[in-house]
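Let's walk through this model together, starting with how far each part can be trusted and then looking at how the pieces meet.

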Amino acid sequence: MNNRFKTSFLAAPYALWVLICTILPLLYILGYALTSSTGSFTLANLTAIADPVHLKSLWLSIKVAFLTTVICLVIAYPVALILHNLKITNKGFIVFMFILPMWMNFMLRILAWQIILSNNGILNSILSAVGLPTLHILYTKSAVTLGMVYDFLPYMILPIYNALSKINDQVIEAAADLGANWLTTFTKITIPLSKDGIISGIIMVFVPALSSFVVSNLLGGGKVLLIGNVIEQEFTLARNWNLGSGLSIILMIFVILSMSIMNKVDDSENGGMLV
Amino acid sequence: MINVKKGASYFYLGLVFLFLYAPILVLIVLSFNNSMSRTVWGGFTFKWYLNLTSNDDIMAALGTTIRITLSSSILATILGTSAAIGIHYMKKRHAAIMLGATNIPLLNADIVTGISLMLLFTRFTPLGEFSVVLAHIAFSVPYVIFNVLPRLQSLSEACYEAAMDLGATPTYAFAKVVWPEIFPGVLSGFLMALTMSLDDFTITYFTKGAGVNTLSTMLYTQLRKGIQPELYALSTILFLLAFVLLLVINFKGEGKKEVAK
């Protein structure tokens with residue numbers, strides 16, 4: 001016991017680190033959010049979210065993030081299921097295939113989408129070559145959503161895949177032996193047992209999608225103003241750190257809110273299953 | 001029927017991989033394009049690869065990126081591994097608090113993490129390479145901790161105690177019993193920290209200060225003026241290096257498993 005206690009001190013440098021580099025910065029941002037540029041206490045930086053411009057971009061961010069998450073989930077679940085059923089022994093290889101694109105610079109990959117989607121771009125050349133109507137989606141909400149789906153898809157696939165690989169195959173076989181057809185097994189066994197993966201996937205996609213500003217900058221061409229863009233501009237162009245901090249706090253509140261909703265979904269159904 | 005289903009599965013997987021790798025293919029093609037324009041094909045050339053080393057801006061940004069990525073991921077791995085061991089041996093309640101705090105950088109929006117660190121750093125130190133390294137450690141330590149902890153949890157305490165009973169010193173028992181078991185977790189944590197640091201833009205952007213440029217922030221400033229084609233060449237090289245490296249690690253691991261069987 002004494003030894004365990006001593007060993008736990010190995011975390012002491014990290015505890016100090018957490019205080020300085022995790023907790024303290026948050027207090028700083030809160031401090032800036034609650035003061036005016038002259039240093040007096042104010043709530044104006046938080047209530048600034050009610051400004052129609054800010055409100056519009058927050059609403060747009062929520063819509064784009066929601067759409068991105070739904071599309072990612074719809075694409076990712078079958079991928080995870082297929083990969084799981086392939087029975088590849090080398091799990092690392094799957095993870096590797098989805099992490100590898102990250103080694104091509106993120107900015108360049110989004111730029112490549114700009115090239116693919118532009119009016120005389122690759123996609124439209126292919127579409128017109130096979131006689132289909134061309135798409136003009138660059139610098140619209142659709143292009144931004146596509147860019148985000150592209151960027152965050154691996155974060156949805158990997159947790160679902162991990163959750164699926166933890167399911168005991170005998171449970172599935174038992175369901176089949178007891179007469180359940182494929183659909184029943186899928187909805188009653190596979191989905192509930194992979195719920196943890198789905199939920200962490202949703203969180204890992206929704207949160208960065210809600211706050212991203214680079215994708216909307218590149219694929220939205222300045223026309224799609226998300227809350228992340230507003231915050232970035234307050235810090236870089238407008239140099240109003242107090243307002244930027246205030247809006248960041250609002251963004252944080254939305255992140256925490258959406259996560260606690262997801263966790264609630266998780267808890268209530270877990271409780272149900274225990275009964 | 002089964003074959004149709006299998007064919008459809010492969011077709012779907014193929015589409016998703018096409019979606020994920022199409023932009024990368026475009027960039028690789030661009031790195032051989034003998035034209036400054038992104039949309040016109042001007043014939044095949046190696047010149048961007050040959051010019052690469054004489055482009056001082058890009059070489060400087062590459063150097064900065066490598067320094068930041070390596071130092072932050074190595075330091076994060078050391079800090080995170082010792083933290084994971086400490087947390088594993090803590091009282092449950094304390095461990096829960098530590099893990100809660102560890103989750104904050106993972107769940108917080110990048111932009112908020114970047115801004116909050118910038119607000120702190122500007123008070124105490126001029127922004128520069130050093131502040132970026134600190135920021136990168138801050139967001140990559142959690143990945144190390146969450147990769148190492150499960151390994152510790154599946155470790156049988158009895159082995160360690162047996163080693164001690166047989167006269168091993170704590171250090172020797174750690175090196176021979178604990179370390180080999182947690183090493184895969186440490187390695188994957190390190191690789192994740194490396195990947196996250198290399199791919200990061202947002203947090204670097206807010207904490208770097210003037211004059212310091214990583215490849216990501218350099219690209220961001222070039223987006224309006226037009227990208228120097230050498231950057232496509234450099235990214236292709238980095239991508240292929242990563243591909244080969246990860247392939248080697250993967251197949252080495254596979255080989256070991258085969259032997260173990």
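In chain B, confidence runs from a mean of 77 in helix α11 (residues 230-260) of chain B, the lowest, up to 95 in helix α3 (residues 56-88) of chain B, the highest. The score here is pLDDT, the predictor's confidence in each residue, from 0 to 100. Helices are DSSP runs of H or I with at least four residues, numbered from the N terminus. Residues 257-261 of chain B fall below 50, and this stretch has zero contacts beyond near neighbours in sequence; a contact means that the C-beta atoms of two residues, placed from the backbone, lie within 7 Å. Chain B as a whole averages a pLDDT of 88, with 96% of the residues at 70 or above.

A note on conventions: this is a predicted model, where local features need pLDDT of at least 70 and side-chain atom pairs count only at pLDDT 80 or more, while totals for chains, interfaces and linings use all residues. Residues are numbered from 1 along each chain as its sequence is written, and chains are lettered from A and ligands numbered from 1 in the order in which they are written.

Now for the meeting of the two chains: 65 residues of chain A are in contact with 58 residues of chain B. On the chain A side, helix α2 (residues 12-33) of chain A supplies the largest share, 14 residues. The model scores ipTM 0.86 and pTM 0.87.

Within chain A, the axes of helix α4 (residues 52-85) of chain A and helix α13 (residues 227-236) of chain A come within 7 Å and cross at roughly 135 degrees. Among the residues making this contact are A:His54 and A:Leu58 of α4(A), and A:Ile227 and A:Val230 of α13(A).

Notes:
Helices (H or I, at least four residues) and strands (E, at least two) are DSSP runs, numbered from the N terminus. Axes are lines fitted to C-alpha atoms, for helices over the stretch in contact, and angles run from 0 to 180 degrees between N-to-C directions.
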